[in-house]
Amino acid sequence: MKWASRIGTFAGISVYVHATFLLLIIWIGVSYWRAEQSIPAVVSGIVFILALFGCVVLHEFGHALTARRYGIRTRDITLFPIGGVARLERMPDDPRQELLVAVAGPAVNVVIAALLFVVLAMSGTFAGFDQLSVARGSFLERLMLVNIWLVVFNLIPAFPMDGGRMLRAALAMRMDYARATRSAANLGQGIALLFGLVGLMGNPFLVFIALFVWIGAAQESAATQMKFALSGTPLTRAMMTVFRTLSVHDTLGAAVSALLAGSQQDFPVLDDGRVVGVLTRTDLLAALAREGDGTPVTSVMQRAFIAADPSEMLDTVFERLQACTCRTVPVVRGGQLVGLVTMENVGEFVSVQAALGATRRAQG
Ligand SMILES: [Zn+2]
């Protein structure tokens with residue numbers, strides 16, 4: 001990820017800190033300096049924030065390590081000023097597993113809060129729950145309070161909070177996944193509206209959370225519809241079979257003609273029917289500006305490209321398309337080119353499926 005630097009790798013998962021996190025630290029430091037004008041106050045304020053984010057990292061590891069039990073890897077964990085994000089390769093398909101993965105995060109904070117409570121109670125320094133406040137109290141008391149707060153915040157039943165995933169998983173045990181997601185997303189956006197309204201009466205932080213929840217719900221709903229439309233579909237049903245190719249003997253001039261003749265952006269380059277590279281529109285234009293149109297395509301094309309096999313399913317190829325920086329994946333059988341998959345044509349396929357689904361609903 002851009003603008004993020006790695007702070008370490010634990011249990012095989014790299015943890016990154018986003019550059020904006022530094023702003024939070026500076027902001028905390030400055031506000032403590034303004035309030036107390038002493039270096040120890042600034043240091044303790046920053047140490048507290050770091051301890052809080054330590055708890056957030058443990059929360060994310062709760063998700064990641066539970067997912068690992070179901071064979072799902074985590075690409076990385078990144079800390080943003082508003083919280084942590086564990087990028088799981090995928091969500092479990094079994095709703096019961098998704099529920100456990102979602103619960104594991106807040107469960108970690110419950111355990112931390114309980115441990116801190118035991119330590120406080122045993123040391124006899126606990127002032128009582130009615131005395132708890134983030135503004136005063138001992139370091140451990142405040143840390144316990146923020147962990148309780150993390151649990152409550154994450155249990156709000158709205159995406160992208162864990163509560164939203166738990167709700168979806170619970171619903172998915174009774175109905176299909178897409179419908180469960182729509183219902184959970186609708187409820188999430190209802191909650192966002194409520195937060196926004198209450199926030200407008202004097203709490204700007206709630207308005208911020210409302211926006212965050214609203215966007216999260218919309219994204220989750222769209223991503224699930226996409227996944228739902230693609231899973232179980234053979235690649236061959238959605239790939240492009242009418243397209244132009246270039247030969248290894250072609251020059252960039254020929255590629256320009258092909259680019260202008262249609263709406264295709266990337267071109268497979270063939271040598272005797274075998275795909276040896278892909279010439280992308282971006283590379284073509286850059287090379288034209290640099291070298292002119294007499295250059296052979298072979299000196300500009302990408303030789304290391306991602307290919308798919310016609311026996312694959314559309315959702316796995318789509319995941320690969322999203323992960324790579326490429327826009328076009330050639331479909332190759334025994335070295336011979338049989339089709340192309342692009343982001344645009346997957347998008348078209350989803351639109352067609354959605355339209356067909358609407359007809360079916362209208363008829364049934
Ligand atoms: Zn979580």
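In this predicted model, Gln37 is exposed, with 9 other C-beta atoms within 10 Å. A residue counts as exposed at 12 or fewer such neighbours, so Gln37 falls in that class. Its place in the chain is the loop between α1 (20-36) and α2. The backbone here is worth a second look, since Gln37 has a positive phi of about 50° although it is not a glycine. A companion case is found at Ala11, where phi is near 50°, again a positive value in a residue other than glycine. Ala11 sits in the loop that links β1 (4-10) and β2 (13-18), and this residue is exposed, having 9 other C-beta atoms within 10 Å.

From these loops we may turn to the overall layout. The domain assignment divides the protein into domain 1 (1-155), domain 2 (157-230) and domain 3 (235-350). Between the C-alpha centres of domain 1 and domain 3 there are 44 Å.

The largest nonpolar core holds 35 residues, and those touching the most other members are Ala158, Phe159, Ala192, Phe195, Ala210, Val213 and Ala217. At least two residues of this core come from each of α2 (39-69), α3 (95-123), α4 (139-154), α5 (162-172), α6 (177-200) and α7 (204-230). The top contributor is α3, with 8 residues. Because domain 1 (1-155) and domain 2 (157-230) both give residues to this core, it lies between them. Phe195 offers a handy view of the packing: leaving aside neighbours within four places in sequence, it is in contact with Leu206, Ile209, Ala210 and Val213. Apart from this core lies another, of 15 residues, including Ala229, Leu235, Met239 and Ala308.

Two of the helices that feed the largest core, α3 and α5, also pack against each other, at an angle of about 160° and with their axes 8 Å apart. Angles over 145 degrees count as roughly antiparallel, and α3 and α5 are therefore roughly antiparallel to each other. Their crossing is left-handed. On the α3 side, the contact is made by Pro95, Glu98, Leu99, Ala102, Val103, Gly105 and Pro106. Facing them from α5 are Asp162, Arg165, Met166, Ala169, Ala170 and Ala172.

Terms used:
Residues are numbered from 1 along each chain as its sequence is written. This is a predicted model: local features need pLDDT of at least 70, side-chain atom pairs count only at pLDDT 80 or more; totals for chains, interfaces and linings use all residues. A nonpolar core is a set of buried Ala, Val, Leu, Ile, Met, Phe, Trp, Tyr and Cys residues joined through C-beta atoms within 7 Å. A residue is buried if 20 or more other C-beta atoms lie within 10 Å of its own, exposed if 12 or fewer, and partly exposed in between; C-beta atoms are placed from the backbone. Helices (H or I, at least four residues) and strands (E, at least two) are DSSP runs, numbered from the N terminus. Domain bounds come from an automatic or database domain assignment. Two residues are in contact if their C-beta atoms, placed from the backbone, lie within 7 Å. Axes are lines fitted to C-alpha atoms, for helices over the stretch in contact, and angles run from 0 to 180 degrees between N-to-C directions. Angles under 35 degrees count as roughly parallel, over 145 as roughly antiparallel, 65 to 115 as roughly perpendicular and the rest as oblique. A crossing is left-handed if the near helix is turned anticlockwise from the far one by less than a right angle, and right-handed if clockwise.
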